[in-house]
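Work through the exercises below with the structure in view. Each task is followed by a solution in steps.

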Amino acid sequence: MRRLRSLFLVSAVLVFFVGAAHAVEPAVADPAASEVGAPEVVAAPAPAAADFDVEAATRAYLSRMPAAEKARSDSYFEGGYWLQLWEFLYGMVVAWILLSKGISVRLRDAAERVTRFRPVQTFLYAAGYSVAVALLSLPLTIYSGYFREHAYGLSNMTFSGWLRDYLVDLGVSVLLGGLFIVLLYGVFRKAPRTWWIWGTGVSMAGLLFLVLIGPVFLSPLFNKYQPLFEGPIKVDILSLARANGIPADNVYEVDASKQSKRVSANVSGLGSTLRITLNDNLLARVKPDGIQAVMGHEMGHYVLNHVYEFIPTFALIILIGFGFLRWSFDRVLKRYGSRWGIRGISDPAGLPLLVAILLVYFFVLTPVVNTAIRTNEAEADIFGLNASRQPDGFAEVALLLGEYRKLEPPPLEEWIFFDHPSGRSRILMAMKWKKEHLKDLPAGR
């Protein structure tokens, strides 16, 4: 699932909604350079089921990644833990600057001088807030989105290309984030005691709206989508979709190689916006059995109704978060409200405080949110193995993902920081599946 993540999926969505602009994370590498140090993926022999050692087969796959590449991947991923912390602290500092230096109040007052219509005032404030946050956060954004990616060989974007995507992302944040803030603060004004309940409904409606329009209207702002070329790969994907009840009649390819060597695919959208998409890296770097395994996984999300299943989970997370926000906001306001010039929860000038409280909430909730997402990903993995029947293709793709995801974390580390199963967990699952199905698999698989 594309870009709704920086700190982790849910916090990224919330930060986007409340107008805190975040950079498109370009993780790009030259396709030619991607072959340097890439793990060699050669089909593993298929012994008799009685002789098949799951642990040995898993270890054989893991050993294919050169030690230097593994160390680089571990360093990149572990550095992301610290980056999460610094992004959290940086966000808190930005909120403090906006409040303590009177920037937020001045933005509100300027909006009130332009018009007396409250929704327009709120939108103008939200637009100014988004730009202010973007400017204050720009040093960390450039480091994390551009320089760090280049330092690890994961990006070949020019700075102008990266800046173009960043500005488009900011524009979308200003527009859609501003509209969301208008609705949210309308709820604050109309329901001063129960806003935290109604605000949850508005947040969920906004999220579903993004899921609905994203594949057709938002993603094409950053990449080119076109129908996949006619051939066996497309035929096999559509056959797999039909066999699993997915009403898709076309497959799309996206030019992700201009931003990343990372392989990915998705079944995204709702209703008429449903589409199956593969990125061009997947087509260039992965053999057909691996592509089938990836598509089986992505179709698993659709067939298992993970989007709809996650709605009540996410709604509960937001509801508790808004309850925490109500409790915290009032207490902080009593102590600092007059100093900061904030009139109450319905005052847009209090948005930085609202964002700061939610940042604390979601930062603490990181393991819970990651576990909820990781559980769904593991379910899709199992579905994909059963649908595609390509355990070795699945394992080979897990190795490719290991180029920028730590392959073998300790269990506690995986529980806290991983929103997908680790490479070792996925390969182990594939080898367990393979052992139980060896008699049904064609020779050589």
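The exercises on this predicted model cover confidence, a salt bridge, a surface patch and a loop residue.

**Exercise 1.** Find where pLDDT stays under 50.

Solution. Begin with the chain: its mean pLDDT is 87, and 88% of the residues reach 70 or more. Then look at residues 1-44, over which pLDDT stays under 50. The model has 137 contacts beyond four places in sequence for this stretch. Where pLDDT is low, the predicted coordinates should not be read in detail.

**Exercise 2.** Describe the salt bridge between Lys406 and Glu78, and place both residues.

Solution. The two side chains meet at 2.5 Å, N to O. Lys406 belongs to the loop between helix H14 (391-401) and helix H15 (411-417), while Glu78 is in helix H3, so the bridge ties together parts 328 residues apart in sequence. Next, check burial. Lys406 has a relative accessible area of 9%, under the 20% cut-off, so Lys406 is buried. Glu78, at 30%, counts as partly exposed.

**Exercise 3.** State which residues form a nonpolar patch with Leu124 on the surface.

Solution. The patch consists of Val114, Phe117, Val120 and Leu124, with about 350 Å² of accessible area together. Leu124 lies in helix H5 (residues 118-151). At 33% relative accessibility, Leu124 counts as partly exposed.

**Exercise 4.** Locate Lys101 and give its C-alpha separation from Trp340.

Solution. Lys101 sits in the loop between helix H3 (67-100) and helix H4 (103-114). Lys101 and Trp340 are 239 residues apart along the chain, yet their C-alpha atoms are separated by 8.2 Å. Leaving aside residues up to four places away in sequence, Lys101 touches Trp96 and Arg106.

How values were computed. Residues numbered from 1 in each chain as written. Predicted model: local features only at pLDDT ≥ 70, side-chain atom pairs only at ≥ 80, totals over all residues. Heavy atoms only, no water. pLDDT = per-residue confidence, 0-100. Contact = heavy atoms within 4.5 Å. Patch = residues over 30% accessible without salt bridge, like charges linked within 9 Å, V, L, I, M, F, W, Y side chains within 5 Å. Areas by Shrake-Rupley, 256 points an atom, 1.4 Å probe, with all protein chains shown as cover. Salt bridge = Lys/Arg side-chain N within 4 Å of Asp/Glu carboxyl O. Helix = DSSP H or I, 4+ residues; strand = E, 2+ residues; numbered from the N terminus. Buried < 20%, exposed > 50% of the residue type's maximum accessible area, 1.4 Å probe, protein only.
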